[in-house]
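User: Please take a close look at one part of this structure, the place where its chains meet, and set it beside the surroundings that help to describe it.

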Amino acid sequence: MAVPKTREFYKLLRSDTMTRKEKTRITKAKLSRFLFGFNDRRGFVLKVTIYTLLLCIGFVYLYPILYMFITSMQSLEDLLNSSVNWIPSTLYTDNYSKAYSVMNIKDSLMGSLLIATVPTIFQVIVASIVGFGFARYNFRFKKLFFALMIFSFIVPPQILMMPTYRLFSNLELTGSLNAFIVPAALGQGLNSTIFILIFYQFFKQTPQSLYEAAEVDGANQFTCFFRIAIPMAVPAFIIAFLFSFVWYWNETYLTTLYLTSRSNELTTILLQLQQFERTYEAMYPVTENSPNRINEGIKMAGTFISILPLLIVYFFLQRYFVESVDRTGIAGE
Amino acid sequence: MKINRKSMYGYLFISPWLVGFLIFVVWPLGQSFYFSLNNMRITPTGLQFRYVGFNNYLDVWLKDMFFIQELLQFVLHILLRVPVIVVFALIIAMLLNEKVRFQGVFRTIFFLPVIVASGPVIDQLVSQGATTVPMVDQGVIISVLTAFFPMWLAQVIGQLFNQIIIILWYSGVQILIFLAVLQKIDAALYEAAKIDGASGWECFWKITLPSIKPIILINFVYTLVFLANSSQNTIINLIYTNMFSATRGYGFASAMAWMYAVIISILLLIIFLVFREKETKRA
């Protein structure tokens, strides 16, 4: 006998038409369906596991940010008071006003935005072109070039640091945005290999028959690229853009190398964060018994300011971002 | 003729990268190799070179006290961490791929590490102790582990537990890549398998895993390189300090970086071999 629907099930239990044995059998079947699910319905046990896991891992991801935020809101007394752990005793924003002035926000924000956006645009465009070349065509030494591309990703940057720096200063690229644009436009930007690989994968998965059909209809290779490949790879573009933006934003190694070595106005928020303690001590000299000494709260405030723009950008973009991940499912069919 | 023209297009499309590779990778690499064969001094008049042959390389292995020690630690860490990160990333990506309530909220939270985990922010958080789990006592874990494993291994695994937050944080990018590709798997495949009576478990091994295999490889490579080049890495710091030390200088540091690159390449090669072997098995 089939397992009845829930409403009928209660009716059956109350009625006397069934024997006790029948009733237990049906109850058991019903319970097992509830706990373990059947067909496409997921059972209760699985659901609980999924939600528990999601919540736990979600907490792990949020914890450092919460910690950072809360520490940044605490005054010195709260920091020293071991009974104040999570909730600051007063709303204390002095840390932020100090960090704000120390980091010279106006200029550094502009610098950060420039460095994050302009090379990113070049990088994404070039990566898509190169990725298409690798995915679509066969040519001699393709495997070799591909291997070399991966190789260029794994070379420790320290090997290349000094020669590259000399090259850049010979080419007069240092001290300006060009130090980032030129490599990005030549496919050697930050983590370029990853972007090329992402595009390579996406273009590989586009059905080849589409291109062949277009070619039969007389489309040339560039039309194929612009009219078929690019529209199919919109999710890849969004992902690549966000990643590249974030990586350029967070880059300090190269910015230190290329920007601080020459005195100029271009500075980024993260460079300011690096020099945070030094700048702070210069701005608020430590005297005997002064309350000005740098503390965790102020440092965390600075750190929080440095990721705040990213969080805002992410907050607005994430909808498209998450959707784009969804949309890839449609593209694959 | 047609094939020729097509391969011309191939070269055309990758030409920007090719030029960049020659200028920004090959040329500096050559120079760096030349540096590593010399003793370099930075003087006010410019760089001074004194040719020493492969002595720098020998010194890295024979005279540096820390290099071999750090290298062993590093390899051990890599071998444990890379699989853990990739597996975690895959599990999380599959969880996020499930149809659950508040899916958007969860995804928003889970992609946070992508935003924050690169750059000095993570350094700050590590140094402030925001990334260790306060609830877990490392001593207890290690004492349990030493009952089963030799001490050196137990310590590494213990650290693994202690840095679970960091490990989860490092898997942000990988989760994203996995999720994107999981969405791309044709839903009809699963339906067909369900009709044939396959369980979710079987679907995972027979459909999901084979479809995302190339991506798993990419994630392995990415994780390895990310860990190898991160600023948290002690070897990178060692190279850095040698670069600016008065007695060693850039030549020595270059030699060390070269040796390090060779080790990383070997590890990568192992990953590639593992994946290739599985492919032949399946076919």
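Analyst: The account below begins with the interface, turns to one helix beside it, and ends with the second chain and a patch on its surface.

The model is predicted, and the values that follow are computed from it. Between chain A and chain B, 94 residues of chain A are in contact with 89 residues of chain B. The size of an interface is often given as the accessible area lost when the parts come together. For chain A and chain B the buried area is about 8600 Å², and carbon and sulfur atoms give 77% of that area. The polar side of the interface can be stated in two counts. The rule finds zero salt bridges across the interface of chain A and chain B, and one residue pair is in polar contact between the two chains, with both residues at pLDDT 80 or more. On the side of chain A that touches chain B, helix α17, spanning residues 296-332, gives the most, with 17 residues.

Helix α17 of chain A is also where A:Tyr314 is placed. A:Tyr314 counts as buried because its relative accessibility is 2%, and buried means under 20%. A:Tyr314 can also be related to A:Val246: the two are 68 residues apart in sequence, while their C-alpha atoms are 9.5 Å apart in space.

The partner, chain B, comprises 15 helices and two strands. Of its 283 residues, 51% count as buried. Among contacts in chain B between residues at least 6 apart in sequence, 68% join residues at least 24 apart. Chain B exposes about 14100 Å², and carbon and sulfur atoms supply 68% of this exposed area.

One feature of the surface of chain B can be described residue by residue. B:Leu58, B:Trp61, B:Leu62, B:Ile68 and B:Leu72 make a nonpolar surface patch of about 520 Å². Two helices of chain B, α2 (55-62) and α3 (65-97), each supply at least two residues of this patch, and α2 of chain B contributes the largest share, three residues. B:Leu62, one of the patch residues, lies in helix α2 of chain B. B:Leu62 is classed as exposed because its relative accessible area is 68%, and exposed means over 50%.

Two residues thus illustrate the two classes: A:Tyr314 in the helix α17 of chain A is buried, whereas B:Leu62 in the nonpolar patch of chain B is exposed.

Conventions: Residues are numbered from 1 along each chain as its sequence is written. Chains are lettered from A and ligands numbered from 1 in the order in which they are written. This is a predicted model: local features need pLDDT of at least 70, side-chain atom pairs count only at pLDDT 80 or more; totals for chains, interfaces and linings use all residues. Side-chain values use heavy atoms; hydrogens and water are left out. Patches are made of residues with over 30% relative accessible area and no salt bridge: like charges are joined within 9 Å, nonpolar side chains (Val, Leu, Ile, Met, Phe, Trp, Tyr) within 5 Å. Accessible areas come from the Shrake-Rupley method with a 1.4 Å probe; for residues, only the protein chains shown count as cover. A salt bridge is a side-chain nitrogen of Lys or Arg within 4 Å of a carboxyl oxygen of Asp or Glu. Helices (H or I, at least four residues) and strands (E, at least two) are DSSP runs, numbered from the N terminus. Buried means under 20% relative accessible area, exposed over 50%, partly exposed in between (1.4 Å probe, protein chains only). Contact means heavy atoms within 4.5 Å. Buried area is the accessible area (1.4 Å probe) that two parts lose on being put together, summed over both. A polar contact is a pair of N or O atoms within 3.5 Å; within protein, one must be able to donate a hydrogen and the other to accept it, and residues adjacent in sequence count only if both atoms are side-chain atoms.
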